[in-house]
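The exercises below concern the helices of a single chain and the ways in which they pack. Please work through each task with the structure open before reading its solution.

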Amino acid sequence: MWKLLSLIQQQLVWSIPSAMIAGILFGVIVDPSFLKAAIIPLTFLMVYPMMINLQVKEVFSSGDYRVQIVTQLINFAVIPFFDYFVGQWFFHDQPLIALGLLLSALLPTSGMTISWTGFAKGNVSAAIKMTVVGLIAGSIITPFYAQWLMGTVVEIPLTSVFQQILVIVFLPLVLGIITQRILIATVGQNKYNKNLKQKFPAFSTLGVLGVVFVAMALRAKGIVANPWMLVSLLLPLAIVYSGNFLLSTIVGKLFFNRDDAIALVYGTVMRNLSIALAIAMTAFGKEGSEIALIISMAYIIQVQAAAWYVKFTDRIFGKPIEAV
């Protein structure tokens, strides 16, 4: 079972499209309205396991201040506006799709920020801090940015968004911290790190696939009527991720050492698509499934782009010191 879950997690570039296709087929064959009841449980399954491994105490460790500040400036003063303008250019007549792109931009970093930084032999400690700070800051400011930038064309249910963020971000965060401490106290730090820690992301992936399946099923008839709807999302997503990679690479190359530069790249380019998807599906009612379309497609671009960037990291920033 664990091997299968691990394989699904490692192959998101294929498992996400598979869940999308399955959801569309299901939504065409069966009335999918009953699936709305599964959104909250699947959302909790998606978010809670990722919170268990979150190392909040790392935020209070010293060092990395400069790269942390620059990372969050890029995350909240540059990328949301870049994504907003790309969304307006491509989806000026589809405001819900544009809102989905903005939501993904407002929620930086994920567990994969830490993983990809580690794969590229960057500063993992800095990546952990970026992940925690990005998650908390993004959750707090998302309703305000969404209202400011999109409130004139889309009704932003501020109260609902805040309530859902409390339920799908901060409640799982608190429960995750408690669960982590209980597990470490019960089995010990070494056993937790060796046997348990790597299993939680697999459960989170199941939640992601479930939410994607539901989102596609609820929109199935509209997608079948206009199948190019999904394909049309790929170009703006490619532009967004290419622009983000280019900016963070230039900043990292000019102002930081190799390890910090790699952490900065993955701390700014990777978006917390799971939280964005959860907010879309829980806070926006029947419109949530349309908002979720572009977030679901972003998984495919993000995973593939992050994997390819690892292959070119040594060419861009040089080899790690121990490998020279």
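**Exercise 1.** Which residue follows α17, and what is the sign of its phi?

*Solution.* The model is a predicted one, and the values below are computed from it. Stepping past the end of α17, one comes to Gly318, which has a positive phi, near 90°.

**Exercise 2.** Compare the expected span of helix α17 with the distance between its end C-alpha atoms, and locate its kink.

*Solution.* Begin with the length: α17 covers residues 288–317, which is 30 residues, and at 1.5 Å a residue these should span 44 Å. Next, take the C-alpha atoms at the two ends, which lie 40 Å apart, so that the distance agrees with the expectation. Finally, follow the axis along the helix, where a kink of about 45° is found, centred on Lys311.

**Exercise 3.** Describe how α6 packs against α17, giving the geometry and the residues that meet.

*Solution.* First, the axes of helix α6 (residues 95–106) and α17 are 7 Å apart and form an angle of about 50°; the two helices are therefore oblique to each other. The handedness of this crossing is right-handed. On the α6 side the residues are Leu96, Ile97, Leu99, Gly100, Leu101 and Leu103, which meet Glu290, Ile291, Leu293, Ile294 and Ile295 of α17. Sorted by class, this contact comprises 9 nonpolar, 1 polar and 1 charged residues.

**Exercise 4.** Carry out the corresponding analysis for α3 and α9.

*Solution.* Helix α3 (residues 39–52) packs on helix α9 (residues 158–187) at an angle of about 45°, their axes being 8 Å apart, and the pair is therefore oblique. Their crossing is right-handed. The α3 residues Ile40, Thr43, Phe44, Val47, Tyr48, Met51 and Ile52 meet a set in α9 that includes Gln164, Ile168, Pro172, Gly176, Thr179 and Leu183. Dividing the residues of this contact by class gives 13 nonpolar, 5 polar and no charged.

**Exercise 5.** At what angle do α5 and α8 pack, and how far apart are their axes?

*Solution.* For helix α5 (residues 79–91) and helix α8 (residues 124–150), the angle is about 40° and the axes are 12 Å apart. That angle makes α5 oblique to α8, and the crossing is right-handed. From α5, Pro80, Phe81, Tyr84 and Gln88 make the contact, while α8 contributes Tyr145, Trp148, Leu149 and Met150. By class there are 7 nonpolar residues and 1 polar residue, with no charged residues in the contact.

Note on methods. Residues numbered from 1 in each chain as written. Predicted model: local features only at pLDDT ≥ 70, side-chain atom pairs only at ≥ 80, totals over all residues. Heavy atoms only, no water. Helix = DSSP H or I, 4+ residues; strand = E, 2+ residues; numbered from the N terminus. Expected span 1.5 Å × (residues − 1). Bend = angle between axes of the 7 residues up to and from the residue. Axes fitted to C-alpha atoms, helices over the stretch in contact; angles between N-to-C directions. Parallel < 35°, antiparallel > 145°, perpendicular 65-115°, else oblique. Left-handed = near helix turned anticlockwise from the far one by under 90°. Contact = heavy atoms within 4.5 Å. Nonpolar A, V, L, I, M, F, W, Y, C, P; charged D, E, K, R; others polar.
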